[in-house]
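Trainee: Got a minute to go through this one with me? I'd like to talk it over piece by piece.

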Amino acid sequence: MLIERKWKRWVYFYIPLTVFVVGTLFPFYWMLITAIRPDAELYRSWRAATNTPFWTLQPTLEHFRDLMAKTTFPQWLWNTFFIAVVSTAISLFCGLLAGYALARLRFPMAGTLGTSIFVTYLVPPTLLFIPLANIIRTFQLGDTPWALILTYPTFLIPFCTWLLMGYFKTIPKELEECARIDGATRFGAMLRIIFPIAVPGILSAGIFAFTLSWNEFIYALVFLSSPEKKTVPVGVVSELIRGDIYFWGQLMAGALLGSIPVALVYSFFVEYYVTGLTGSVKG
Amino acid sequence: MAQVMMKDLNKKYDEVHAVKDVNLHIRDKEFIVLVGPSGCGKSTTLRMVAGLEEITAGEITIGDRVVNDLPPKDRDIAMVFQNYALYPHMTVYDNMAFGLKMRKFPKVEIQKRVQEAAEILGIQELLKRKPRQLSGGQRQRVAVGRAIVRHPQVFLFDEPLSNLDAKLRVQMRVELKRLHERLETTAIYVTHDQVEAMTLGDRVVVMKDGWIQQVGEPLELYGKPANKFVAGFIGSPAMNFVDVKVADANGALWAETQGLRVKVPPIHTSRLVPYKGQQVTLGIRPEDLQLASGSDPSEYVFDAVVDVVEPLGSEILLDLRAGNSTIVARVEPTVRLKVHEKTRLALTPDRAHFFDLKTELAI
């Protein structure tokens, strides 16, 4: 064992870590404090004698009440949830099968196919939304959740496929060979042996896909127009900023409520998530 | 229980011809070992029997069924893998029961068979554990147990002992042999370890570069290797090879090279006559060399200088130089020789081997 000097531990570990943690968490703290600060304090001059920018003495839930009553926020929440769940499910299903095939089956052009799937992930949505908008209009899907449910997989499927392909490759192929000799078909071996072992990978792909579609902005902004059809990220920004007036309290309340589901999902599955990204399986 | 036939078996990957014209008749209840250096096609052959690799050309018969187009699950075989391939998310019991469950055996029967197999292998206390809680040897036992509960027609072993440490490997080797005597199931066993091959196999198949080099009982391979490769592969330390010239002198044939001249033993004389004046390879196993005593016929004795002494306890390995050739001799542990010391070696005449220099086939 090395006996480290105390100051080294501080310089190389505690101080950088503290800076990082504070830097990361401060925006969240700011969001929280703004959401519960009364309007009077929010719009007070920065130089006012009573200004207390980092805390508040009169916390209020007024902004949350306004958010629920004056906007269609619950509806946005539901829209976002519905779209995220369905598009994640579709992407996970396709990603599982495609990832398995690319990792395990030998077929012509497998490598090329894998790469081209990855390349589609690299096309930025800021370019892709233009042709996609055309397609959505042709199929008359504009302003419906299906516009997003069908476009999100354009980036979710490549993502899931690659993450899962990598994970499947870490599972020794003898496991399913053994299962196939033991009496399972290839599909049976995949279902009974490979998928249960790949649960951490599948979960992290699912969580990631869910988060990506939950936070997605540009497609949602382009394809949805009615206020009650919007998702949280778009709704909050487009309905709570009117001209140059920012409804800071409600904006932050909406952002706070909007990030809770994602935070919950992560906290439940954090262990799977970590093994899914780093771990492998030992036979 | 069944015989396995391979007829003109071939396997080609894109550019590699991994298995070439393999013909093999594995008899019912036989324990056959495929052995060879890595890349010799032994594992590929086994995997074709298992149905995990497609057959490029040829035919495999298990029992009296041609299995070329049967999926692995319908071939009635069981396989043990080098990395054990235990299902990590299942308990030992479920691992062993998996194959039976897939085949829709009644629960009582499954339980009976798993118990029975667990008893044979001494793993009853482990049934509720997960694979990750087991040691290497225990995992190996579970993998074997998973194979035997099914009572398959053929066992396939793909280097099952390679991941174990040396001591455990010897122990499991003995157990596998005992198990085979008890179950009497046809077994095909792949290994790169010639000691495993010799000790386990009823017959041993030596492979190289996709070709079968020789098939035979262990002592037959050892005593009458078909070519130089088999001669050098089987046996440890390996057979000594010296390139010699066949010369005619005093009405007898002599094998000679610089610093080494021995008479061609009578049993080889007639076969070596056509090689008169040509180069051949002389092969002598280390144990067929002794320190010469006065009673050894002088025509089989030659001079050598000790290079390295390796005392192993039960025997001593001497690395010697005879002229330009390096030779290993296995001698009694009582021999006291030092490095650089001169000595005289005698070879056992009827145990010498001769190989054609070009074809490397035994003469």
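**Sheet, strand and helix pair**

Mentor: Sure, and keep in mind that this is a predicted model. Chain B has an open sheet of 5 strands with antiparallel pairing, in the order E15-E19-E16-E17-E18.

Trainee: Which are the edge strands of that sheet?

Mentor: Look for strands that pair on one side only. In chain B that picks out strand E15 (289-291) and strand E18 (325-331).

Trainee: And how many bridges join E16 to E17 in chain B?

Mentor: E16 covers residues 301-311 and E17 covers residues 316-322, and the two run antiparallel. In that pairing B:Val305 sits opposite B:Arg321. The number of bridges joining E16 to E17 in chain B is 6.

Trainee: Is B:Thr186 buried or exposed?

Mentor: B:Thr186 belongs to strand E8 (residues 186-191) of chain B. The cut-off for buried is 20 or more C-beta neighbours within 10 Å. B:Thr186 has 25 inside 10 Å, so the residue counts as buried.

Trainee: Over in chain A, how do H8 and H11 run relative to each other, roughly parallel or roughly antiparallel?

Mentor: Helix H8 (residues 153-170) and helix H11 (residues 199-215) of chain A pack at about 160°, with axes 9 Å apart. Angles over 145 degrees fall in the antiparallel class. That makes H8(A) and H11(A) roughly antiparallel.

Trainee: How many charged residues does the contact of H8(A) with H11(A) have?

Mentor: Among the residues that meet are A:Leu156 and A:Phe159 from H8(A), and A:Ile202 and A:Phe208 from H11(A). By class, the contact of H8(A) with H11(A) has 11 nonpolar and 3 polar residues, and charged ones: none.

How values were computed: Residues numbered from 1 in each chain as written. Chains lettered and ligands numbered in written order. Predicted model: local features only at pLDDT ≥ 70, side-chain atom pairs only at ≥ 80, totals over all residues. Pairing = 2+ DSSP bridges. Helix = DSSP H or I, 4+ residues; strand = E, 2+ residues; numbered from the N terminus. Buried ≥ 20, exposed ≤ 12 C-beta atoms within 10 Å, placed from the backbone. Axes fitted to C-alpha atoms, helices over the stretch in contact; angles between N-to-C directions. Parallel < 35°, antiparallel > 145°, perpendicular 65-115°, else oblique. Contact = placed C-beta atoms within 7 Å. Nonpolar A, V, L, I, M, F, W, Y, C, P; charged D, E, K, R; others polar.
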